[in-house]
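Dear colleague,

I am handing over the structure we spoke about, and you will find the sequence and the model just below. After that I set out what was found, beginning with the salt bridges and then turning to the pocket and the surface.

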Amino acid sequence: MPSRTYVAQRLGAFAGLLKASDLAGYRLEPHPPFSVRDRYFDTDDGELLRRGMCLRVRERDTERRVLLRPIRPGDGGPTLEVALESADELEALEPLRDVLLRVTGASEPPVLLPLLSLRQYRTPRAAYDGDRLIGLLSFDVVVYELPDGPHASNELDVELAESGTEMDLYVLDPILRAEGLEAVSRTKVERGIERLPQRLTEPLLLLPHERDVLEEVLTSG
């Protein structure tokens, strides 16, 4: 379903929204908060990122799940989600190995290296228009674990339910902007990669849109 992500520019406004019982006329009903840890991996030659794909291991409580998908979920590309018994078995996971071979075009199973790690502390709210569920609003404190130290970001994910409409997003949008939230088009993993330090001794980490721009410049003469 359609979704939209906002990043809070002011901490006070985000904390106020977190305590609200209604927003833009929609009733907000609390769900239990929870936390997840996301670890992203790439092949040692950076081929997944080059092809606009990401490999995520999500840990929530005692559950671990592997997700291989396009960096932007709406883009075309293979998607695989499987359970993981332990972090040590990631490269030995047969369904994942088969898809990685197909995606990267490699003849041997690729070596996976850590790319990015982040933690999310999520406080979800179900939003209703009367009895109609319009979607889920998730107030997230996202902590990007970077080499130079953690970077925290207060974010709001708005995900429409099947009974929600695009008009609901339009109704919410000006209210959220007035409260100091800014809509972003980049996913969490994209914004995390952009914050990673670049070293001259290592290959550049290029997101798909950055690579497209560079290739256009190179071919334009």
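Glu-145, with a relative accessible area of 28%, is partly exposed, and please keep in mind throughout that the model is a predicted one. The salt-bridge partner of Glu-145 is Arg-37, and the closest N and O atoms of the two are 3.8 Å apart. This pair links distant parts of the chain, since Arg-37 belongs to strand β4 and Glu-145 to strand β9, 108 residues apart. Arg-37 also counts as partly exposed, because its relative accessibility of 25% falls between the limits of 20% and 50%.

Another salt bridge is formed by Glu-63 and Arg-65, whose closest N and O atoms are 3.9 Å apart. Glu-63 is partly exposed at 43% relative accessibility, and Arg-65 is partly exposed at 28%.

A salt bridge with buried partners may also be of interest to you. Glu-155 pairs with Lys-188, with 3.5 Å between the closest N and O atoms. Glu-155 lies in strand β10 and Lys-188 in helix α5, so this salt bridge ties together parts of the chain that are 33 residues apart in sequence. Glu-155 has a relative accessibility of 0% and counts as buried, while Lys-188, at 11%, counts as buried as well. Both residues belong to one network, in which salt bridges that share partners join them with Arg-122, Asp-140, Asp-157 and Arg-191. For the model as a whole, the count of salt bridges comes to 22.

Turning to the pocket, the largest one holds about 910 Å³ of space. Its lining is made by 29 residues, of which Ser-3, Thr-5, Arg-69, Pro-73 and Asp-157 are the closest to the centre. Several elements give two or more residues to this lining, among them strands β1 (3-8), β4 (34-43), β9 (132-146) and β10 (149-160), as well as helix α5 (188-195). By character, the lining residues divide into 13 charged, nine nonpolar and seven polar. Asp-157 therefore appears in two parts of this account, as one of the residues closest to the pocket centre and as a member of the salt-bridge network described above.

Lastly, on the surface, Met-167, Tyr-170 and Val-171 make a nonpolar patch of about 310 Å². Tyr-170, one of these residues, is placed in helix α4, which covers residues 166-178.

With kind regards

Definitions and conventions:
Residues numbered from 1 in each chain as written. Predicted model: local features only at pLDDT ≥ 70, side-chain atom pairs only at ≥ 80, totals over all residues. Heavy atoms only, no water. Patch = residues over 30% accessible without salt bridge, like charges linked within 9 Å, V, L, I, M, F, W, Y side chains within 5 Å. Areas by Shrake-Rupley, 256 points an atom, 1.4 Å probe, with all protein chains shown as cover. Salt bridge = Lys/Arg side-chain N within 4 Å of Asp/Glu carboxyl O. Helix = DSSP H or I, 4+ residues; strand = E, 2+ residues; numbered from the N terminus. 1 Å grid on protein atoms, 1.4 Å probe; cavity = no way out; pocket = protein on both sides within 12 Å on 5 of 7 lines; lining within 4 Å. Points joined across faces, edges and corners; volume = space filled by probe spheres on them. Nonpolar A, V, L, I, M, F, W, Y, C, P; charged D, E, K, R; others polar. Buried < 20%, exposed > 50% of the residue type's maximum accessible area, 1.4 Å probe, protein only.
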